[in-house]
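What follows is a walk through a protein model, from one residue pair outward to the overall layout. Please keep the structure open while reading.

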Amino acid sequence: MELEPVIGLEIHVQLKTRTKLFCRCEAAFGDPPNTHTCPVCLGLPGALPVLNTKAVELGVRAALAINCTVNRASQFARKNYFYPDLPKGYQISQYDRPLASNGHLDAGEPAVRVRLTRLHLEEDAGKSMHEGFPDSDVRSYLDLNRCGVPLAEIVSEPDIRTPGQAHDFLTHLKTTLQYVDVSDCNMEEGSLRCDANVSLRLPGGPLPGYKVEVKNLNSFRNVQRALEYEIERQGKILRDGGEITRETRLYDADRGLTSSMRSKEEAHDYRYFPEPDLLPLEVTEEQIESIRATIPELFAEKSKRFADRYQLPGYDAAILASSKALADYFEECAVQSGNPKASSNWIMTEMMRELKNRTIDVPAFPISPASLALLIRRIDDGTITGKAAKEVFAILCEGGGDVDGIIKEKGLLQIQDDSAIEAAVAQVIQANPKPAEQYRNGKTATLGFLVGQVMKATGGRANPQKAGELLKRALS
Ligand SMILES: [Zn+2]
C-alpha cells in the first residue's frame, strides 16, 4: 500500500527589533543571563504590557513579503500553560484574529505552491539551562533574557508532500524574510525555529485523522531527515494495521530518530481568551500601503529577471539572487563592466571561493564591485589576459592597491608584439620536441599543452589565441 505524506510547517522567526514586544528591555542575544528583564517581562503582578510598534511594522512587512492579507484589526490573546521559563503562566499570542492570513510561497523546481494559513505576533519564552553548573544533576537554571522577545509565527497549510519540498520551502522562506530584513533567521542563535506536522494518507484521499508534531529541528537538513524518518516509522505502523496517536515527538539528530515527548495539546487545552491588558491591534490601510511601498524586488522575481535580462542560466541566476547583498554586488558589477556573463563567472567561482575560504559574507569582501568590473573591462579591452587577471584578483583580495596600478607595477600588460610571442613559440618548440612532433603527425590535441607552455614562458602575458595561431604556423 503506497501512502502519501501530508506535511505542514510552523515557523517562528525573531523579529529584528531593538527592544522586546511589550517592554523596553533589550532583545539582545548572548548577554549574561537575566540582565535584560523588568517587571513586565518577569510577569510581576500589576505590570502592564505596552506594544512595540516596530515589531508590528516588521510583522506587517514579513506578512506582505509572503503574500498574506494583513488584517486591519487583530487581537492579542492569552495562551495559558505552565512552563518554568514562562513566569507569567501564560504567553501573549494571537489566536482567532491573527495579524495576517491567506498567504503563499512558490518554492522549488518545479515550483510547488505552499499556502500559508496565517502570520501572527507573539512573545518568546525564556530559556531553561540544564547543563554547565556544578549541581546540574539536581537543579535547572533559568535565563529570562529571551522572555518577551518578539516573534512572528508563520503556519503553513498541509500542502507539502515530500521532505525535499519542506527543505526547498524553508530555504525560500528564509531568503524572503532576509530580503525584507525582518529577521536574521539564524537557526544557531534560535532566531528561526521550525516544527513540522506530518501524517500519511492514501494518495489524494482526505486529510488523515491524526497528526504528529516533530520538534527540536535545528537545521533545514534536520527537518528533512526527521521527516524522512517519521514517514518511514508511520508507514510501517500503518501497513502493519496499527494506529498512530496524535502526539509531539522530539528529533534526536545524533541518533537520527524521533521519540515521543507528550500527547499533543489541542487548542482548547490552552484556554485562550482575549488579552485584557491590550487594545485590539489596528493597522490602517495607509500604514499597510506605506510598508508595501518599501518591499524590494524579492528572490523569485529577481532571479527570473537576472536570467532574462543578463542571459544567464537559471541555476546561476538563482545563486546570484540567493541573498540581496550578493544580488546587488552582481548587478553593479554587471552594469559597470558591461559584461554580465563574465561578472557572473568571476563571482560564482573566484569570489565565492574567497568568501568560503575566509568565512566572510559579501559586505566584508575586500574587492568592490567597481574594482571587479574594471578588472573584467581590462580583460575585454585586451590590456591583460585572463590568467594575469587572476593574479590581479589575488592581490586585490589581500587588500593591495587598484587594478591599473597593480597591472603596471607587476608588469602584467598583455604582450601585443607578435615577435615577442614568436620568440617564445620557437623556444617552446625547441624545448618540447616530442609534443611538437606529435602535433605535426596529426595529434592536434597537444596544441593546448604547447599554448600552456608559451603562456608560462611569457608569465601569462601572451594572448592565448595569438599564441595558438603562431604555434600552428610554426609547426606547419
Ligand atoms: Zn522587560
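Which residue in β14 is the bridge partner of Y251? The partner is T258. The model is a predicted one, and this pair is a convenient place to enter it.

Y251 and T258 are bridge partners within an antiparallel pairing of β13 (residues 247-252) and β14, which six bridges join. The two strands form a hairpin with four residues between them, and G256 in this hairpin takes a positive phi near 70°.

The hairpin strands belong to a wider arrangement. Nine strands make up an open sheet with mixed pairing, in the order β2-β6-β7-β10-β1-β11-β12-β13-β14. Its edge strands are β2 (69-70) and β14 (257-263), and each of these pairs on one side only. Strands of a sheet pair through backbone hydrogen bonds, either parallel or antiparallel.

Further along the strand order, β1 and β11 sit side by side. Strand β1 covers residues 4-14 and β11 covers residues 192-201; the two run antiparallel and are joined by ten bridges. One pair to look up here is P5, whose bridge partner in β11 is L200.

Helix α3 (residues 163-179) packs on the sheet, where it touches β1, β6 (100-107), β7 (112-123) and β11. The direction of α3 makes about 115° with that of β6.

Now zoom out to the chain as a whole. The protein is divided into domain 1 (4-290), domain 2 (299-409) and domain 3 (418-475). Taken over C-alpha atoms, the centres of domain 1 and domain 3 are separated by 65 Å.

Key. Residues are numbered from 1 along each chain as its sequence is written. This is a predicted model: local features need pLDDT of at least 70, side-chain atom pairs count only at pLDDT 80 or more; totals for chains, interfaces and linings use all residues. Two strands pair if DSSP finds at least two bridges between them. Two residues are in contact if their C-beta atoms, placed from the backbone, lie within 7 Å. Axes are lines fitted to C-alpha atoms, for helices over the stretch in contact, and angles run from 0 to 180 degrees between N-to-C directions. Domain bounds come from an automatic or database domain assignment.
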